[in-house]
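Let's take a friendly walk through a protein together. Have a look at the picture below, and then we will go through its parts step by step.

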Amino acid sequence: MAPAEGAEYHWVVMAASRLELNLVRLLCRCEAMAAEKRDPDEWRLEKYVGALEDMLQALKAQASKPASEVLNEYSRKVDFLKGMLQAEKLTSSSEKALANQFLAPGRVPTTARERVPATKTVHLQSRARYTSEMRSELLGTDSSEEPEMDVRKRTGASGPTPRDEKQSAAELDLVLQRHQNLQEKLAEEMLGLARSLKTNTLAAQSVIKKDNQTLSHSLKMADQNLEKLKTESERLEQHTQKSVNWLLWAMLIVVCFIFISMILFIRIMPKLK
């Protein structure tokens with residue numbers, strides 16, 4: 001193996017902890033089981049994948065956890081195995097093939113002995129198997145009783161006619177074209193929803209902006225009215241104080257005038273005998 005490849009696989013061989021070593025071993029076991037042909041009632045792989053998720057979460061919580069690139073690769077492979085199991089539970093082969101297209105296999109081999117990542121090999125095998133199942137549904141054959149390799153051998157020995165081959169290829173192309181059209185339609189719908197959401201967001205933003213401007217103008221007018229009210233209150237208070245002062249002086253003058261008048265009246269008028 002070249003030094004560059006040895007450096008690339010160094011993170012797999014040199015496990016940082018016992019938990020990571022166990023995770024790598026279980027991941028290799030799950031990849032090997034996924035590559036094999038399993039019975040529909042097989043339950044061990046699903047349990048193993050669940051254990052992988054728990055071990056991965058525990059590994060992320062450790063203080064001496066691996067590098068982020070290594071953890072991302074582990075997560076990528078575990079998510080691929082989980083998605084593959086979910087795709088196998090679908091009823092239609094076309095749905096399985098469509099779900100298989102969205103799976104992302106690992107980028108780096110799990111062990112140094114692998115030249116190609118096992119998850120990538122499993123991804124290619126499952127894609128070929130689902131394609132064979134769709135062809136079998138179109139041709140009316142049973143893909144479980146007649147595997148793809150046996151079909152190729154039989155057709156090679158009996159020598160199928162070019163007409164049958166062209167018809168099968170045309171039907172397969174038709175199915176693939178339908179799936180492509182369905183994906184394009186879904187993409188257009190998602191794009192339309194995104195545009196509608198963007199339009200509604202911009203409209204709501206414009207309305208909120210106008211409301212904020214109106215609220216700011218109302219607050220400004222309220223502040224101005226409050227200042228005017230304070231000014232008028234001060235003027236009214238001053239005016240009231242002035243009125244009270246004039247009234248008080250007028251009353252004092254009147255009382256003094258009455259008092260002086262009474263004194264003069266008493267002095268001027270003769271005393272009664």
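Leaving aside residues up to four places away in sequence, which residues does L52 touch? Keep in mind as you look that this is a predicted model. The partners of L52 are L23, L26, L27, C30, V78 and L81. To see where these contacts belong, let's step back to the whole chain and then return to L52.

The protein chain has nine helices and zero strands. Following the sequence from start to end, you would read the pattern as α-α-α-α-α-α-α-α-α. Of the 273 residues in the protein chain, 22% are buried. The chain exposes about 20,800 Å², and 59% of that area comes from carbon and sulfur atoms. Now consider the contacts with a separation of 6 or more: 69% of them join residues that are 24 or more positions apart.

Next, let's zoom in on helix 4. This helix covers residues 44-61, and its 18 residues should span 26 Å at 1.5 Å a residue; the end C-alpha atoms are 26 Å apart, so expectation and model agree. Which residues of helix 4 are buried? They are L45, V49, L52, M55, L56 and L59. These buried residues lie on the same side of helix 4, because they cover an arc of only 120° around the axis. A general rule helps here: an α-helix has 3.6 residues a turn, so residues three or four places apart point the same way. Turn to the other side of helix 4, and you will find K47, D54, Q57 and A61 exposed.

What do the buried residues of helix 4 pack against? Their neighbours are helix 3 (18-35) and helix 5 (68-88). This brings us to the largest nonpolar core, which has 23 residues. The members that touch the most others are L23, L45, L52, Y74, L81 and M84, so here we meet L52 again. At least two residues of this core come from each of helix 3, helix 4 and helix 5. Helix 5 gives the most, with eight residues. Apart from this core lies another one, of five residues, including A87, Y130, M134 and V175. In soluble globular proteins, nonpolar side chains tend to be buried together.

Finally, visit helix 6, which runs over residues 93-101. Its buried residues are S93, K96, A97 and N100. Seen down the axis of helix 6, they fall within an arc of 95°, so they line one face of the helix.

Definitions and conventions:
Residues numbered from 1 in each chain as written. Predicted model: local features only at pLDDT ≥ 70, side-chain atom pairs only at ≥ 80, totals over all residues. Heavy atoms only, no water. Helix = DSSP H or I, 4+ residues; strand = E, 2+ residues; numbered from the N terminus. Expected span 1.5 Å × (residues − 1). Buried < 20%, exposed > 50% of the residue type's maximum accessible area, 1.4 Å probe, protein only. Arc of directions from axis to C-beta. Contact = heavy atoms within 4.5 Å. Areas by Shrake-Rupley, 256 points an atom, 1.4 Å probe, with all protein chains shown as cover. Core = buried A, V, L, I, M, F, W, Y, C linked by side-chain atoms within 4.5 Å.
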